[in-house]
Amino acid sequence: MHLYNTLSGRVEELTPMDGKALRMYACGPTVYDYGHIGNFRTFLQVDVLRRAMRLLGTEVRHVMNVTDVDDKIIRNAAAAGVGIEEYTRKYQEAFFEDLKALEVEPPEVIARATEHIPTMVRLIEKLAAQDIAYRAEDGSWYFRIARFPEYGKLSKKDFSGITDGARIDLDEYEKDSARDFALWKAPKPGEHRWETELGPGRPGWHIECSAMSMEYLGDSFDLHAGGEDLMFPHHENEIAQSESATHRTFVRHWFHVRFLLVDGRKMAKSEGNFYTLRDLLLRGYKASAIRMLLIAVPYRQQLNFTFEGLAAETIAVERLRTFRERMEGTKWPARAAMDGGASEIQNVARETKAKYLAALADDLNTAEARAAIFEMVRFVNARADAGGFFESDKAEVLEALRMFDRVFAVLEDHDAEWTRFTLDWAEREGKLDQAAPEVLATRGVTDEKIQALVEERDGAKRRRDFKRADAIRNELAGMGILLEDSKEGTRWKRK
RNA sequence: GGCGCGGUACCCAAGUGGUAAGGGAGAGGUCUGCAAAACCUUUAUGCGUCGGUUCGAUUCCGACCCGCGCCUCCA
């Protein structure tokens with residue numbers, strides 16, 4: 001695997017330093033609200049990375065944090081009159097449900113900030129012992145940036161002008177330098193707090209990731225991932241804290257996913273231009289299409305989200321699913337016994353696999369990897385139409401599809417299930433009015449019900465009662481069901 | 001202002017110093033009771049603009065124009 005490293009600014013080979021498993025840490029969500037699909041782009045691209053690593057033969061030990069305490073959480077929980085645990089529980093659950101709907105593999109370790117306070121306190125104490133952390137008048141603790149000359153090496157910023165003890169201005173009187181960042185925040189009256197050796201308070205955001213990543217992955221590990229916005233200051237601060245404490249290289253390889261844009265602007269809560277996964281499912285878009293859209297454009301490219309793009313990916317996924325069904329569901333003729341060796345189709349499938357793997361290994365070029373698969377699909381379809389596809393070709397082609405799906409994970413159709421799940425959720429939350437009418441129409445439409453209608457229509461067709469057959473077809477269409485008539489019989493699928 | 005990224009067909013988008021992948025849409029066709037679906041074929045003498053290097057540049061260099069991100073909470 002060759003992957004761009006933000007720290008060096010180059011594409012570099014990525015191999016586990018212990019020769020066994022890639023140890024990676026990915027910054028997870030702050031659970032104060034539902035995630036939007038911009039957030040999920042990052043988690044999906046990290047998922048692509050871990051799936052690709054495994055496909056290429058490297059085991060992965062992946063740790064993700066959940067920030068379940070921060071200023072927003074404390075503020076929102078207080079406003080809602082509940083404790084922070086109760087407040088965040090709902091969003092945490094929703095986050096993991098969303099990941100599941102998007103086929104994101106769960107990390108090996110999920111680390112919650114509130115369950116690691118002692119680890120963070122110890123790390124701050126370690127910094128305090130070197131006078132790198134200092135206590136301000138209000139009881140907060142800060143990191144003395146002047147003591148870490150390499151500060152800025154990740155984000156390529158020049159902080160050489162920062163000198164210790166240079167008090168900046170009136171607003172920041174409690175810090176020694178304006179750039180110094182909080183490690184531990186003293187509580188305001190009535191705020192949620194932990195009583196610790198540092199005094200009462202709560203951890204800063206940055207120390208959380210340093211402490212938890214090193215607890216599970218060691219002082220020095222392979223890869224750290226996150227959205228591009230985290231590069232500065234979050235990841236820069238993590239490096240400063242960790243390397244000051246251990247005097248070792250914190251992380252070798254930094255992986256940053258670029259932003260999702262909408263209407264040419266970044267998708268963000270603060271901009272108010274965001275869509276949650278649930279918004280889109282209620283509008284009738286499929287989870288698989290959303291996954292496909294968010295991973296098909298390589299992670300180093302900004303991706304402009306549009307509904308047109310989403311609709312296009314829905315069809316693209318459908319094309320692949322239909323192809324797989326065709327491969328599996330058709331009785332293909334046997335090849336003449338005298339034809340020895342690999343067939344042209346088998347060779348194409350093998351070349352496709354090679355191209356696919358090479359594209360992924362080349363800085364996760366998902367666009368090229370995907371293109372290789374579509375090329376194979378078209379080639380095989382054309383041959384099959386011309387009667388040039390045989391039973392003995394099937395295994396190799398299906399193997400290429402399986403390989404594709406080990407990273408893309410869109411071929412298994414769980415879409416209706418997740419749409420149903422989201423409708424149930426919307427009902428509980430009183431948000432059913434946000435669902436599109438055609439989505440609401442699918443409620444209560446079970447496979448059994450559809451199957452019965454399809455069979456009834458087949459009977460009508462056999463009787464050449466086309467009026468009745470067409471009526472049933474219309475009825476099914478109203479429930480969002482498309483029919484596909486063929487010699488082998490009638491297949492149906494959800495729009 | 002500093003740092004970084006990008007401008008490729010109607011839309012999304014890959015890519016290479018030697019003549020433009022893939023997906024969607026459009027057009028044509030095969031199939032079909034009719035449809036739909038499915039499948040096939042087809043669609044950029046051109047890769048922001050202007051110079052330069054080169055036998056040859058979309059690909060390298062320079063300038064310029066435009067867009068986006070970070071520099072503050074943010075995936």
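These are my notebook entries on the nonpolar cores, the cysteines and the RNA contacts of this predicted model.

Entry on the cores. I looked up the largest nonpolar core and found that it has 77 residues, with F255, F305 and Y356 making the most contacts inside it. Helix 1, which spans residues 37-55, gives the most to this core, namely ten residues. I then listed the contacts of F305, setting aside its neighbours within four places in sequence, and among them are I37, L260, L261, V262, M267 and Y275, together with D263. A second, separate core holds 59 residues, including A94, I117, F181 and A211.

Entry on the cysteines. I asked how many disulfides there are, and the count comes to zero. I checked C27, whose sulfur has its closest cysteine sulfur in C209 at 3.9 Å, which is too far for a bond because a disulfide needs the two sulfur atoms within 2.5 Å. Both cysteines count as buried, C27 with a relative accessible area of 5% and C209 at 1%.

Entry on RNA strand B. I found 53 residues surrounding the strand, and the closest are W205, G227, R265, K266 and D385. Of the strand's atoms that come within 4 Å of the protein, 68% belong to sugar and phosphate. For K266, I noted a polar side-chain atom 2.3 Å from a phosphate oxygen of the strand. Base nitrogens of RNA strand B are also approached by backbone atoms, by a polar one of L260 at 3.1 Å and by an N or O atom of L483 at 3.3 Å. Helix 11, residues 366-385, gives the most to the surface near the strand, with ten residues, and that surface divides into 18 nonpolar, 13 polar and 22 charged residues.

Notes. Residues are numbered from 1 along each chain as its sequence is written. Chains are lettered from A and ligands numbered from 1 in the order in which they are written. This is a predicted model: local features need pLDDT of at least 70, side-chain atom pairs count only at pLDDT 80 or more; totals for chains, interfaces and linings use all residues. Side-chain values use heavy atoms; hydrogens and water are left out. A nonpolar core is a set of buried Ala, Val, Leu, Ile, Met, Phe, Trp, Tyr and Cys residues joined through side-chain atoms within 4.5 Å. Buried means under 20% relative accessible area, exposed over 50%, partly exposed in between (1.4 Å probe, protein chains only). Helices (H or I, at least four residues) and strands (E, at least two) are DSSP runs, numbered from the N terminus. Contact means heavy atoms within 4.5 Å. A residue is near a molecule or strand if one of its heavy atoms lies within 4 Å of it. A polar contact is a pair of N or O atoms within 3.5 Å; within protein, one must be able to donate a hydrogen and the other to accept it, and residues adjacent in sequence count only if both atoms are side-chain atoms. Ala, Val, Leu, Ile, Met, Phe, Trp, Tyr, Cys and Pro count as nonpolar, Asp, Glu, Lys and Arg as charged, and the others, Gly among them, as polar.
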